[in-house]
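Colleague: Please take a close look at one part of this model for me, namely how its elements are set against one another. Begin with the ligand site and work outward from there.

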Amino acid sequence: MTPFLDIRHVRKEYGPVVAVHDVELTIERGEFMTFLGPSGSGKSTTLYILAGFEQPSSGDILLNGKTILDTPSHKRNIGMVFQRYTLFPHLSVGDNIAYPLKVRGWSKASITERVRQMLALVRLEGFEDRRPAQMSGGQQQRVALARALAYDPPVLLMDEPLSALDKKLREEIQYEIRRIHQETEVTILYVTHDQEEALRLSDRIAVFSRGVIDQIGTGAELYAHPRTRFVAEFIGDSDFLPCQLLSAQNGRADVTLPGDVTVAGIPLHGAAADGKALQLMLRPERIALSREKDGHALAAVVEDITFLGNNIHVKTRIGEEAAVSVRLPFGHEAVSGLARGMPVWLSFDPDTAHVFTA
Ligand SMILES: Nc1ncnc2c1ncn2[C@@H]1O[C@H](COP(=O)(O)OP(=O)(O)OP(=O)(O)O)[C@@H](O)[C@H]1O
């Protein structure tokens, strides 16, 4: 079947700078896809190429099987919402939303009806005559969203639309965006560097690193099965411990950890040679902490204990260099009486850990 949106080997160079190396991705109709990655990883450039603000140096983009690269930006019928409020300051909210409809030659009556529908969609009924300057940042972004969706574009691009808002407002609007996505079934491509935002909003996430996509998957897939150390660090919390490979088979590794503890059958990523130094990744919420000595567990020393509301964060040290954090639910029995400097034993299910080549 022809994919809805097909980004094929897109590359973008600015003179000697390669902003996007090779981005390859298909998106289904109605999907919420997020580009997640650090600053400079090529997310915005990829989005601008989709929008038609930039031409790729090579590669193609197909919508319903047809290239869009020879269609100018304003004819691509792609909605856009950006970081800074891009409303027309001299127009009322109603006229801002009406603008793309006027450009498309809609009748006055259908524009009036559509503006009413869009204000209801973003829950801003009654704001029609306000100027953007008379509204909060969050309200302005909702107007921008209403304007972008007014002519019912099949695709909506959003580039860090909430980054100028404070945390509470951001979360409120994330919830609104999710609801609007479900109600309109528009296909959304969303750029952010905030993993929590990506996890909250997306059907799938494409993790960008240095101009390529490292991995694409649902938030749960990326968390449980990161294929690279970069993805493991970017989604969820993680700590890394040096380890030595004993043997590897069927994508699993048997390793020796500090204190000569051996653990068998940990998912292995990348090619590894026996005896080579590797990194073991552990998630703080997947580690068991015990005060009783256990020969199969890692010996650690408590460095710090932090109360974080519904859970407790125990920072421990294994040997000289490695710090491993453990997150325990509030009231967990292992925490009572725990203090800095105490010896503890850490253990984990091999399925929840990962071994990466250095
Ligand atoms: N017009 C340009 N000329 C030269 N280099 C550019 C241009 N636009 C982007 N770049 C470079 O391309 C790389 C990717 O930039 P891009 O804006 O796509 O990254 P990003 O992941 O969206 O980051 P951010 O979250 O900071 O916007 C960066 O190194 C950037 O400096």
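Modeller: A word on names comes before the site. Helices and strands here are DSSP runs, of at least four and at least two residues respectively, and they are numbered from the N terminus. The model is predicted.

Now the ligand. Its shell has 13 residues. The closest are Tyr 14, Ala 19, Ser 39, Ser 44 and Thr 45. Two elements each give at least two residues to this shell: strand S2, spanning 17-27, and helix H1, spanning 43-51. H1 gives the largest share, with three residues. By class, the shell holds eight polar residues, four nonpolar ones and one charged one.

Next, a helix pair. Two packed helices are described by the angle between their axes and by the distance between those axes. Take H4, residues 137-149, and H5, residues 167-184. Their axes come within 11 Å. They cross at roughly 20°. Angles under 35 degrees count as roughly parallel, so H4 and H5 are roughly parallel to each other. Their crossing is right-handed. On the H4 side, the contact is made by Gly 138, Gln 141, Arg 142, Leu 145 and Leu 149. On the H5 side, Leu 169, Glu 172, Ile 173, Glu 176, Ile 180 and Thr 184 meet them. This contact has five nonpolar residues, three polar and three charged.

Last, the strands. Start with S20, residues 354-357. S20 runs parallel to S13, residues 261-269, and two bridges join them. Leu 268 has Val 355 of S20 as its bridge partner. S20 also pairs with S14, residues 277-282. Here the strands run antiparallel, and four bridges join them. Met 281 has His 354 in S20 as its bridge partner. S14 pairs again, with S11, residues 239-249. That pairing is antiparallel too, over six bridges. Asp 239 stands opposite Leu 282 of S14.

One point helps when tracing these strands on screen. In a regular strand the side chains alternate between the two faces of the sheet.

To recap the pairings: S13 lies parallel to S20, S20 antiparallel to S14, and S14 antiparallel to S11.

How values were computed
Residues numbered from 1 in each chain as written. Predicted model: local features only at pLDDT ≥ 70, side-chain atom pairs only at ≥ 80, totals over all residues. Near = placed C-beta within 6 Å. Nonpolar A, V, L, I, M, F, W, Y, C, P; charged D, E, K, R; others polar. Axes fitted to C-alpha atoms, helices over the stretch in contact; angles between N-to-C directions. Parallel < 35°, antiparallel > 145°, perpendicular 65-115°, else oblique. Left-handed = near helix turned anticlockwise from the far one by under 90°. Contact = placed C-beta atoms within 7 Å. Pairing = 2+ DSSP bridges.
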